[in-house]
Number of protein chains: 2
Amino acid sequence: MLAHGGGGTLTNSLVRDLFAPAFNNEVLDDLMDGAVFKLNGSRLAFSTDAYVVNPVIFPGGTIGDLAVNGTVNDLAMCGARPVHLSAAFVLEEGFSMETLRLIVTSMSEAAAAAGISVVAGDTKVVERGKGDGVYITTAGIGIIEDWLEIRPDNAAVGDVVIVSGLIGAHGIAVLSVREGLEFGTTIRSDTAPLYGLVRAMIGATREVYVLRDPTRGGVATALNEIARSSSIGILLEEQAIPVPPEVNAACEILGLDPLYVANEGILIALVPKREADGVLAAMHAHPLGRNAAVIGKVIDRPPGVVMMKTRVGGTRIIDMLSGEQLPRIC
Amino acid sequence: MLAHGGGGTLTNSLVRDLFAPAFNNEVLDDLMDGAVFKLNGSRLAFSTDAYVVNPVIFPGGTIGDLAVNGTVNDLAMCGARPVHLSAAFVLEEGFSMETLRLIVTSMSEAAAAAGISVVAGDTKVVERGKGDGVYITTAGIGIIEDWLEIRPDNAAVGDVVIVSGLIGAHGIAVLSVREGLEFGTTIRSDTAPLYGLVRAMIGATREVYVLRDPTRGGVATALNEIARSSSIGILLEEQAIPVPPEVNAACEILGLDPLYVANEGILIALVPKREADGVLAAMHAHPLGRNAAVIGKVIDRPPGVVMMKTRVGGTRIIDMLSGEQLPRIC
């Protein structure tokens with residue numbers, strides 16, 4: 001089903017029931033955004049993502065820069081400096097060479113901005129009706145400092161939850177052009193490489209324990225995964241969550257919840273409360289962290305559950321969806 | 001066009017005119033099967049391939065073990081010991097979970113046989129009619145000994161051309177099941193991991209200068225690429241080229257030339273003539289090299305051209321095709 005690719009509970013069951021047992025090994029079992037391992041004494045991160053976003057060009061980005069930034073960010077969420085990238089293209093017969101050139105140019109620019117080199121690639125072409133323009137799979141290698149210890153199961157009671165910026169722009173940007181919707185102002189994808197921001201944060205404190213980029217499934221899904229990995233509870237403050245008014249308006253029209261909408265240039269960090277001010281100051285000084293805010297905290301129970309104090313004073317559970325609200329968003 | 005993915009001159013022009021200028025860097029410019037670079041003092045190889053073979057199950061293999069062995073072999077052709085692999089799946093909505101399980105199991109077995117760990121992955125699902133069952137992209141990381149110097153532009157006059165086994169089985173195996181052809185005996189794909197064979201060869205001599213696995217476009221295309229990279233001529237002996245009789249028979253019926261048919265467990269090596277006997281002996285002692293044979297030699301001109309002395313005594317040019325004789329063979 002489409003939902004098996006949506007990043008929600010169905011994707012998780014595919015990973016836990018099929019892939020993880022088959023490829024059983026210590027590194028994979030960590031189930032992080034990227035694999036982290038030692039190779040000849042160096043601590044490396046390695047990550048891959050397939051991109052099937054529809055349409056391939058959208059306000060603020062293309063499938064090309066998304067494919068670069070997405071893998072760069074998976075590495076960055078392991079605390080790794082991105083170094084080398086591979087890119088494999090599955091093209092549908094008849095796909096416009098001009099559009100391909102545009103996509104490749106945007107990849108090249110994104111790679112330069114992220115400081116990563118595209119060093120390996122492959123191209124396959126399938127018949128008309130066996131693809132959808134172009135699918136791109138990138139894989140990336142990054143280097144991690146020895147002292148860094150970032151893991152999704154590192155969250156502890158007393159940590160605060162920080163989000164780096166305004167949420168929901170990527171999903172709404174893609175959806176609006178796909179569905180031909182107009183919201184007065186154009187909402188642009190937030191796609192961006194996050195390693196610079198991560199470096200600023202770990203420059204402020206070594207106690208950044210959990211990092212995650214809330215892509216498919218949005219902030220809600222990422223926080224649920226952290227809560228489950230660390231067996232802790234998370235309590236969000238609805239009024240603290242930064243949602244741009246135009247994303248809020250679009251979500252209301254479309255019946256979507258911005259907490260579940262995909263982001264491509266946003267990160268979530270869990271840091272000890274005493275380090276929060278220092279980390280926030282470092283984030284605010286970075287162009288991608290200007291709107292960073294504390295949106296909640298880690299509590300002891302119920303473990304694995306994300307709750308939210310709403311604007312009207314109630315409390316509700318923020319659950320994981322079975323799939324993505326919007327298919328083919330990345 | 002389909003031929004842009006066929007591995008022939010159209011694929012080459014896509015790489016040289018579009019990808020190489022956009023992703024301009026020293027490592028990519030080598031245009032090897034994999035990228036080779038130093039990282040924190042270690043010499044690594046990094047490679048990616050997208051697999052779109054149709055059908056996904058064929059005699060002797062599946063898209064899954066093909067995707068493992070193909071990337072393992074790209075690393076091995078750089079002289080690299082395969083260490084870590086990533087795998088990204090693009091599934092078509094409605095694809096059978098049972099077939100997926102079979103494919104994943106075959107990947108797991110292939111990874112174990114090749115000594116590589118699958119440490120990172122991703123899954124996306126696209127709507128019916130936007131894919132074809134499953135496409136898999138793998139990327140791999142390997143380690144290269146410091147003293148090894150394997151490059152496609154290293155061929156020199158006096159080298160002999162060795163092929164590791166009987167050619168043409170993979171392409172014919174896939175085609176026969178796709179087209180529902182029967183040839184009396186079932187021709188099985190030769191898909192296999194080649195690093196063990198490479199290690200046996202470099203154990204016999206350090207002077208293995210060129211390695212290539214003749215996949216898309218077959219032996220003819222691989223040799224043309226070597227001839228162009230090294231600006232040398234290659235003269236083949238038709239009667240020395242090991243083609244299984246059943247592949248020959250199938251090729252005759254289908255109007256194909258076995259020299260252009262894809263292989264997935266065969267390598268070509270160029271070694272100095274004086275080392276040929278030692279390398280051949282090492283190859284013959286390895287299960288994947290039992291039928292290894294010298295099939296030609298490097299000559300000084302015309303540079304970039306592959307010629308063949310035919311069985312009847314004539315000489316003809318073995319040119320590169322614009323695409324693959326058979327689309328979606330890997």
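**A sheet in chain A and a helix in chain B**

User: In this predicted model, how many bridges join strand 10 to strand 13 of chain A?

Analyst: Strands here are DSSP runs of E, at least two residues, and helices are runs of H or I, at least four, numbered from the N terminus. Strand 10 covers residues 233-237 and strand 13 covers residues 306-309 of chain A; they run parallel. Two strands pair if DSSP finds at least two bridges between them. The number joining these strands is 4.

User: Which residue of strand 13 is the bridge partner of Leu235(A)?

Analyst: Residues are numbered from 1 along each chain as its sequence is written, and chains are lettered from A and ligands numbered from 1 in the order written. The model is predicted, so local features need pLDDT of at least 70, side-chain atom pairs 80 or more, while totals for chains, interfaces and linings use all residues. In strand 13 of chain A, the partner of Leu235(A) is Met307(A).

User: Which strands stand at the edges of the chain A sheet?

Analyst: The open sheet has 7 strands, in the order 9-11-8-12-10-13-14, with mixed pairing. Each edge strand has a single partner, so one side is left without a neighbour in the sheet. The edges are strand 9 (210-212) and strand 14 (315-317).

User: How many residues of helix 7 of chain B are buried?

Analyst: A residue is buried if 20 or more other C-beta atoms, placed from the backbone, lie within 10 Å of its own (exposed: 12 or fewer; partly exposed: in between). Buried ones include Gly218(B), Leu223(B) and Ser230(B). The helix is mostly covered, and the count is 11 of its 13 residues.
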